[in-house]
Amino acid sequence: MNKIQTIRGFRDILPEKIALWQRVEKEAASLFTTFGYNEIRIPIVEKTDLFARSIGETTDIVEKEMYSFEDRSGEKLTLRPEATAAICRSYIQHKMYASNPVRKFFLFGPMFRRERPQKGRYRQFYQIDAEVFGIESPYIDSELIFLLNELFKRLGLTGLSAHINSLGCPACRPVFQQTLLDFLGKRKDTLCDNCRVRMKKNPLRILDCKVETCRNALKGAPATINYLCPACEDHFAKVKAALETQGVDFEVDNALVRGLDYYTRTAWEIQTTSLGAQSAVAGGGRYDRLVEELGGPATPAIGFAIGFDRLVEVMEQLNQGSDKNGPDLFIVPLGDAALKKSFHWSCDLNTAGLRTDTDFSGKSMKALMKRANKLKAAHVLIVGSNELEKNKAILRNMDTKAQTDIHLETLVPTLLDLLKK
Ligand code: HAM
């Protein structure tokens, strides 16, 4: 019979990997909370229109990568490919702008894009997302980039670089776009098929095309930052200045345009060289027009998303994978009477917070010690009929091999006293 397996591009994250995911979640939640961000949980499925209207009809995500379907009543739905649009929907739907327009959110969760799977690229992947509504000041742009930097620092990540750019606003972008089109018009024959289509639909995206002939054609291309209106120029200058004084390293990258259409002004990516083609560990930017475009009041907004899977992969490469996930204590019961007692001790010790495991199979001492080793238990408690007769159990430190006798009457409090950190 054919065994049923995961769908291509989908994967299980098995228990032995989870410690690292939890560590990142804990660190991120703690940092976000300190900075005044609140967790938000929203649906995984939304109306297709939400993403089509916000991410952009001509982006790769909307054109080729969304998991969209009609439900039984014919409604067009999509598994969320990102969280920003959906958080805007929630901000507008609950009229959050009315009581307090300034809101800061964070979210952990799965996203879905039907891309070609490869290392660091999955069809179900996870993001750590942060969004801020109602603040136009450039200091919030710098705060978000600082936050990312600080989180990566706390997680012990090295070798990352922050690339930033400004994409202008509706006042200055059209002028830039026309200048770019004029420049590319003379080089059209050397552009790839995709970019020739982009010239009509989405010229900015040509700037980050990876095809070599396009890269050559783009040499000397105009840069958005040279066409910013005074307001955008001033905004970007302040973002950079605040980052510099706060000691955050970055480089201005004229080719950074991002793959979603809603961005205005500051956009950035945190890149790594250790994941091959999938170099972006996080990406974000301003989207000052999106809330209004989705039917809310004009509200400046900005945010980022970290690729959680990629972050974990970089940490694993740096040997940050924590495998110290064994129990504090493993009880080795030998014989029925010991087994019965072990059941109660295990319940009571776990309830009191000591991570305790045991084995009810009735197997031999050798087999159970093997299991304790496999589990990476810090201590083992051995109880056989001999020990029961003497009213004691043997506690062994698996590191030092030192052994201590533990009296049965006071076993639970003694173990808690000795082993609970
Ligand atoms: P994005 O650049 O599309 O931005 O995705 C953010 C991050 O998610 C990427 O830098 C990457 O690390 C990760 N990622 C994207 N696709 C995949 C995939 N197929 N497999 C694994 N990881 C992936 C956004 O999604 C925006 N919503 C970010 C944002 C928030 N902008 C403003 N606020």
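How far is an oxygen atom of the ligand from a polar backbone atom of A280? The gap is 2.8 Å, and the views below take it from there. Keep in mind that this is a predicted model.

**View 1. Polar atoms around the ligand.** Start with A280, whose backbone puts a polar atom 2.8 Å from a ligand oxygen. Over at Q127, a polar side-chain atom sits 3.1 Å from an oxygen atom of the ligand. Y122 joins in through its backbone: one of its polar atoms is 2.8 Å from a ligand nitrogen. On its own the ligand would expose 660 Å², and the protein buries 96% of that.

**View 2. The shell around the ligand.** Pull back a little and you'll count 27 residues surrounding the ligand, the closest being E82, T84, E115, Y263 and A280. Two or more shell residues come from each of the strands β6 (124–133), β10 (280–286) and β11 (301–307). Of the elements, β10 gives the most, with 6 residues. As for chemistry, the shell is a mix: 11 nonpolar residues, 8 polar and 8 charged.

**View 3. The largest nonpolar core.** Here's a set of 50 residues, in which I87, F133, L184 and L191 touch the most other members. Helix α4 (residues 84–93) supplies the largest share of this core, with 6 residues. Now zoom in on L191: leaving out residues up to four places away in sequence, L191 touches L184, R196, M199, I206, C214 and A217. Another core lies apart from this one, made of 47 residues that include V24, A28, L147 and V281. As a rule of thumb, nonpolar side chains in soluble globular proteins tend to be buried together.

**View 4. D359 and its neighbours.** Look for D359 in the loop that runs between β13 (356–358) and α14 (365–374). Is D359 buried or exposed? D359 counts as buried because its relative accessibility is 9%, and the cut-off for buried is under 20%. The D359 side chain makes two polar contacts shown here: one with the side chain of S361 at 2.5 Å, and one with the side chain of R371 at 3.1 Å. Setting aside residues up to four places away in sequence, D359 touches F330, I331, P333, L368 and R371. So R371 turns up twice in this view, as a polar partner of the D359 side chain and in the list of residues that D359 touches, with the buried status of D359 resting on that 9%.

Technical notes. Residues numbered from 1 in each chain as written. Predicted model: local features only at pLDDT ≥ 70, side-chain atom pairs only at ≥ 80, totals over all residues. Heavy atoms only, no water. Core = buried A, V, L, I, M, F, W, Y, C linked by side-chain atoms within 4.5 Å. Buried < 20%, exposed > 50% of the residue type's maximum accessible area, 1.4 Å probe, protein only. Helix = DSSP H or I, 4+ residues; strand = E, 2+ residues; numbered from the N terminus. Contact = heavy atoms within 4.5 Å. Near = heavy atom within 4 Å. Polar contact = N/O pair within 3.5 Å; in protein donor to acceptor, adjacent residues only side chain to side chain. Areas by Shrake-Rupley, 256 points an atom, 1.4 Å probe, with all protein chains shown as cover. Nonpolar A, V, L, I, M, F, W, Y, C, P; charged D, E, K, R; others polar.
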